[in-house]
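Student: Please walk me through this structure, and start with whatever I need in order to read it.

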Amino acid sequence: MPTCHSTNDIAAEWIGKNKAKHGDLFITDYQTRGRGQRGNTWETQPGKNLTFSVVLQVPFIKPKDNFLLTVLCSLSLYDALESFLHTGIYIKWPNDMYRYDEKITGLLIENFVKGNCIDFCIAGIGINVNQLHFDIPHATSMAAAAGQDFDLYEVLQTLLLCFEKRYFSLQNGKNQELKDEYCQKLYRLDQPHQFKNTDNELFTGVIRSVNETGYLMVEVKGKIKPFDLKEISFII
Ligand code: BTN
């Protein structure tokens, strides 16, 4: 589509009309109402970046294990970015891709649950590919990182191949291996850094891992504590 409001919304409409199937891809040059996590917007320069949503059918994932979908998408993005940029790629918990201290991709996962199964999952992905200037702090693109433009189609094709590979691992029950790999690639793993809690207080912590339900496990004053998304923010 040359333009649309949000590829995640279009994918959801197709699911609602029983027209969507596993592997469907909704892609646009420009979103007029691109959505980000926690009610944020996702805005990018037309034609410079990749903005798309992939529909997945994951009947083998129970709703309680939905964090595995974050793992699947994050690792796929990691693999694709690493193949182009080679160094400095990290997964900033829970699912942003960072190059050193700057965000390079955003991911918005929306699940459709039926009974005790995830019927459909929409993985909405924004990759900053060739945009060089950003109005927000701590943002970068593949081109800014590499000093050269990339072919959008080639980046998309690479990512979809990475996705397919990781999807098969998940389908084959390699849950623990995938989670372990996700944890190894975490931004700021095993180093003391500053964070902010819900009361806006700063504290020093060391990210140690992510638990079964996707909580960030951070060592604070010698004790490892779980944090959910609302309870911790990174100071960058
Ligand atoms: C974030 O980092 O806040 C998540 C951003 C997700 C953006 C993508 S772009 C394609 C898809 N459609 C949307 O409306 N959002 C996602």
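Tutor: Two strands are said to pair if DSSP finds at least two bridges between them, and the strands (E, at least two residues) and helices (H or I, at least four) are DSSP runs numbered from the N terminus. This is a predicted model, in which local features need pLDDT of at least 70 and side-chain atom pairs count only at pLDDT 80 or more, while totals for chains, interfaces and linings use all residues. Residues are numbered from 1 along each chain as its sequence is written, and side-chain values use heavy atoms, with hydrogens and water left out.

Student: OK, so which residue stands opposite Glu110 in β8?

Tutor: Glu110 stands opposite Ile122. Strand β7 (residues 102-114) runs antiparallel to β8, and 10 bridges join them. The two form a hairpin with two residues between them, and Gly115 in the turn has a positive phi of about 60°.

Student: And which strand pairs with β8 over seven bridges?

Tutor: That is strand β4 (residues 50-56), again in the antiparallel sense, with Val54 standing opposite Ala123 of β8. Strand β8 itself (residues 117-127) is mostly covered, since nine of its 11 residues are buried (under 20% relative accessible area; exposed is over 50%, and partly exposed lies in between, with a 1.4 Å probe and protein chains only).

Student: Which residues have the most contacts inside the largest nonpolar core?

Tutor: They are Ile127, Met142 and Tyr182, in a core of 57 residues. A nonpolar core is a set of buried Ala, Val, Leu, Ile, Met, Phe, Trp, Tyr and Cys residues joined through side-chain atoms within 4.5 Å. Helix α2 (residues 67-85) gives the most to this core, with 13 residues. A second, separate core has nine residues, including Cys4, Ile10, Phe26 and Ile122.

Student: What does Ile127 touch, leaving aside its neighbours within four places in sequence?

Tutor: Its contacts (heavy atoms within 4.5 Å) include Asn49, Leu50, Phe52, Leu77, Met142 and Leu159.

Student: Changing topic, is Leu160 buried or partly exposed?

Tutor: Leu160, which lies in helix α4 (residues 152-171), is partly exposed, because its relative accessible area is 33%. Apart from its neighbours within four places in sequence, Leu160 is in contact with Leu25 and Val54. Leu160 and Ser76 are 84 residues apart in sequence, yet 8.1 Å apart in space, C-alpha to C-alpha.

Student: Now the ligand: which residues come nearest?

Tutor: Of the 20 residues around the ligand (those with a heavy atom within 4 Å of it), Ser6, Gln31, Arg35, Gln37 and Lys103 come nearest. An N or O atom in the side chain of Ser6 is 2.7 Å from a ligand oxygen, and a polar side-chain atom of Lys103 lies 2.5 Å from an oxygen atom of the ligand; such polar contacts with the ligand are pairs of N or O atoms within 3.5 Å. The protein covers 98% of the 410 Å² of accessible area (Shrake-Rupley method, 1.4 Å probe) that the ligand has on its own.

Student: Last one: what is the strand order in the open sheet?

Tutor: The five strands run β12-β11-β10-β9-β13, with antiparallel pairing, and the edge strands β12 and β13 (233-234) each pair on one side only. Five bridges join β11 (residues 216-220) to β12 (residues 223-227), where Glu219 stands opposite Ile224. At the other edge, two bridges join β9 (residues 192-196) to β13, and the bridge partner of Lys196 is Ser233.

Methods: Polar contact = N/O pair within 3.5 Å; in protein donor to acceptor, adjacent residues only side chain to side chain.
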